[in-house]
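Trainee: I have a structure open and would like to talk through its strands and its aromatic rings with you.
Mentor: Happy to help! Let's look at it together.

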Amino acid sequence: MENLIIASTLKSPGVTFNTNGDLLIAGKSIPEDSNSYYKPLFAWLEEFKKTSPPEVNLTLKLEYMNTSSVRIILKFLQNLVAMSKENVKLKIKWVYDFDDDDICEQGEIIQESIKFPIEMVEHRA
């Protein structure tokens, strides 16, 4: 199993998924086809589950997300929460700019939806 690295673009976030369980999604998420963009992330996660990881630490540093990205990220997080019920220690961190109330609120809404604690981290440039 190898790490998954995807460079960010003007419309899609950068992804760094390490086999040690440290996962990062950062940038704007407004791809033309969210399902196609995020498909490799779901495939990587399925393979990663088979390695019986002791812990997963996901950091989300999203500047902006369109509606389809929100749905896909929500589904991805639900998959991670399911892993946490199988003795995988899960930590989710939602990093947002201190003056970006919309992204902060989006993180809070997602936290309520997945019924799992998300560490909300205010970032100051």
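Trainee: Which residue is the bridge partner of Lys28 in β4?
Mentor: Keep in mind that this is a predicted model. Strand β3 covers residues 22-29, and it runs parallel to β4, residues 55-65, with eight bridges joining the two. The partner of Lys28 in β4 is Tyr64.

Trainee: And which strands are the edge strands of the sheet?
Mentor: The sheet is open and has six strands with mixed pairing, in the order β1-β2-β3-β4-β5-β6. From one strand to the next, the twist averages 15 degrees. An edge strand pairs on one side only, and that applies to β1 (4-6) and β6 (119-123).

Trainee: At about what angle does helix α3 run to β5?
Mentor: Helix α3 spans residues 101-114 and lies across β4, β5 and β6. Taking β5 (89-97) as the reference, the angle is about 155 degrees.

Trainee: Now the rings. Is the pair of Phe42 and Phe76 stacked or edge-to-face?
Mentor: A search of the whole structure finds five aromatic pairs. For Phe42 and Phe76 the centres are 5.4 Å apart and the planes make 85 degrees. Planes over 60 degrees apart meet the cut-off, so with 85 degrees this pair is edge-to-face.

Trainee: Which helices does that pair link?
Mentor: The two residues are 34 apart in the chain, so to speak, in distant parts of it. Phe42 belongs to residues 34-49 and Phe76 to residues 67-84. These are helices α1 and α2.

Trainee: Why does Phe42 count as buried?
Mentor: The cut-off for buried is under 20% relative accessible area. Phe76 is buried at 3%. Phe42 also counts as buried, because its relative accessibility is 16%.

Trainee: Which residue lies over the face of Phe42?
Mentor: Here we look for a charge over the ring, which calls for a distance within 6 Å of the ring centre. The distance to the centre of the Phe42 ring is 5.7 Å, and the residue is Lys75.

Trainee: Why is the pair of Trp44 and Phe48 stacked?
Mentor: Both residues lie in helix α1, four residues apart, about one turn of the helix, and both are buried. Their ring centres are 4.8 Å apart. Planes under 30 degrees apart count as stacked, and the pair qualifies because its planes are at 20 degrees.

Trainee: Which residues form the aromatic cluster?
Mentor: Both pairs we discussed belong to one cluster. Its members are Phe17, Phe42, Trp44, Phe48 and Phe76.

Note on methods: Residues are numbered from 1 along each chain as its sequence is written. This is a predicted model: local features need pLDDT of at least 70, side-chain atom pairs count only at pLDDT 80 or more; totals for chains, interfaces and linings use all residues. Side-chain values use heavy atoms; hydrogens and water are left out. Rings of Phe, Tyr and Trp (its six-membered ring) pair if their centres lie within 6.5 Å; planes under 30 degrees apart count as stacked, over 60 as edge-to-face and the rest as tilted. Buried means under 20% relative accessible area, exposed over 50%, partly exposed in between (1.4 Å probe, protein chains only). A charge sits over a ring if NZ of Lys or CZ of Arg is within 6 Å of the ring centre and within 35 degrees of the ring normal. Two strands pair if DSSP finds at least two bridges between them. Axes are lines fitted to C-alpha atoms, for helices over the stretch in contact, and angles run from 0 to 180 degrees between N-to-C directions. Contact means heavy atoms within 4.5 Å.
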